[in-house]
Amino acid sequence: MSGETSEDATRLPAAVVQAIYRHARATFPNECCGFVIGSGEDAQLIECENMQDRYHAVDPATYPRTAATAYTFGGKHLRMLADSLDSDRPATIVYHSHPRVGAYFSAEDTRAALSAGWPVDYLVVDCQDDEIREALLFRKHATDPAFVEIARFDGAKI
Ligand SMILES: [Zn+2]
């Protein structure tokens, strides 16, 4: 059943993709983050604040990275995401941007996703100085502890 939900997640409405791109531009050169509840035409975007810089300032040992290269959801959005997973309209995609480094699923992304264990796909947005180059959607491989690309979205001059 969760397989069907995830399959739907690849059909992200263009308006939602564009809104995610605008979010990536607004936080550039820092990473943006958020998630999508529901799927298809029912998809609802939840733009989150990237708390990474705040956590880094308070506890740099635990949070060595700044928001330029990492993202962390705050407690309110973490609870909203977790609650959605038990609801009729679960989160289907967690997204974040990669300023200037390309839309690959990094070792840190893999570690964080495996640690969270959420049944969602992960959208990574390639945000450059003058454009959004593309966004790639990743899904955990059925058996390997690795994430594979399942969809690609064209970029935009944003
Ligand atoms: Zn990343």
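A residue here is buried if 20 or more other C-beta atoms lie within 10 Å of its own, exposed if 12 or fewer, and partly exposed in between. Keep that handy for the exercises below, and remember that this is a predicted model.

**Exercise 1. Sort G40, R100 and A146 into buried, partly exposed or exposed.**

Solution.
- Step 1: Start with G40, in the loop between β1 and β2. It has 13 other C-beta atoms within 10 Å, so G40 is partly exposed.
- Step 2: Go on to R100, in the loop between β3 and α5. With 13 C-beta neighbours inside 10 Å, R100 also lands in the partly exposed class. While you're there, look at the backbone: R100 has a positive phi of about 70° although it is not a glycine.
- Step 3: Finish with A146, in the loop between β5 and β6. Its count is 11 other C-beta atoms within 10 Å, so A146 is exposed. Leaving out neighbours within four places in sequence, A146 is still in contact with T110 and H141.

**Exercise 2. Find how far apart in space G40 and D88 are, then do the A146 and H98 pair.**

Solution.
- Step 1: G40 and D88 sit 48 residues apart in sequence, and their C-alpha atoms are 14 Å apart.
- Step 2: A146 and H98 are also 48 residues apart along the chain, with 19 Å between their C-alpha atoms.

**Exercise 3. Work out the strand order of the sheet and pick out its edge strands.**

Solution.
- Step 1: Walk across the sheet. It is open, has six strands and mixed pairing, and reads β2-β1-β3-β4-β5-β6.
- Step 2: Look for strands that pair on one side only. Those are β2 (44-48) and β6 (147-156), the edge strands.
- Step 3: Check the twist, which averages 20° from one strand to the next.
- Step 4: Now see what packs on the sheet. Helix α2 (residues 14-27) does, touching β1, β2, β3 (91-99), β4 (121-127), β5 (132-140) and β6. The direction of α2 makes about 55° with that of β4.

**Exercise 4. Take β1 and trace its partners on both sides.**

Solution.
- Step 1: On one side, five bridges join β1 (residues 33-37) to β2, and the two run antiparallel. Three pairs to find in the viewer: V36 with L45, C33 with C48, and G34 opposite E47.
- Step 2: Follow the turn. β1 and β2 form a hairpin with six residues between them, and G38 in the turn has a positive phi of about 75°.
- Step 3: On the other side, five bridges join β1 to β3, again antiparallel. Here F35 has V94 as its bridge partner.
- Step 4: Back up to the loop between α2 and β1, where P29 is found. The peptide bond joining F28 and P29 is cis, with omega about 10°.

**Exercise 5. Decide which of β1 and α5 is largely enclosed and which lies largely in the open.**

Solution.
- Step 1: In β1, four of the five residues are buried, so this strand is largely enclosed by the rest of the structure.
- Step 2: In α5 (residues 107-116), zero of the ten residues are buried, so the helix lies largely in the open. G117, with a positive phi near 70°, follows α5.

**Exercise 6. Locate the largest nonpolar core and its best-connected members.**

Solution.
- Step 1: Begin with a rule of thumb: in soluble globular proteins, nonpolar side chains tend to be buried together.
- Step 2: The largest such core in this model has 35 residues, and Y95, Y122, L123, V124, V125 and A135 touch the most other members.
- Step 3: Ask which elements give two or more residues to this core: α2, β1, β3, β4, β5 and β6.
- Step 4: Zoom in on V124. Not counting residues up to four places away in sequence, V124 touches H96, H98, A103, F105, A135, L136 and F138.

**Exercise 7. Judge where the prediction is confident, and place the annotated domain.**

Solution.
- Step 1: Take the whole chain: mean pLDDT is 93, and 94% of residues reach 70 or more.
- Step 2: Compare elements. Helix α1 (residues 2-9) has the lowest mean, 48, and β4 the highest, 98.
- Step 3: Zoom in on residues 1-6, where pLDDT stays under 50 and the model has seven contacts beyond four places in sequence.
- Step 4: Add the record. An unreviewed UniProt entry places "domain: JAB" at residues 13-132. That span is 35% helix and 22% strand, and its end C-alpha atoms lie 17 Å apart.

Methods. Residues numbered from 1 in each chain as written. Predicted model: local features only at pLDDT ≥ 70, side-chain atom pairs only at ≥ 80, totals over all residues. UniProt positions renumbered as here; feature names shortened; annotations may be inferred. Pairing = 2+ DSSP bridges. Axes fitted to C-alpha atoms, helices over the stretch in contact; angles between N-to-C directions. Contact = placed C-beta atoms within 7 Å. pLDDT = per-residue confidence, 0-100. Core = buried A, V, L, I, M, F, W, Y, C linked by C-beta atoms within 7 Å.
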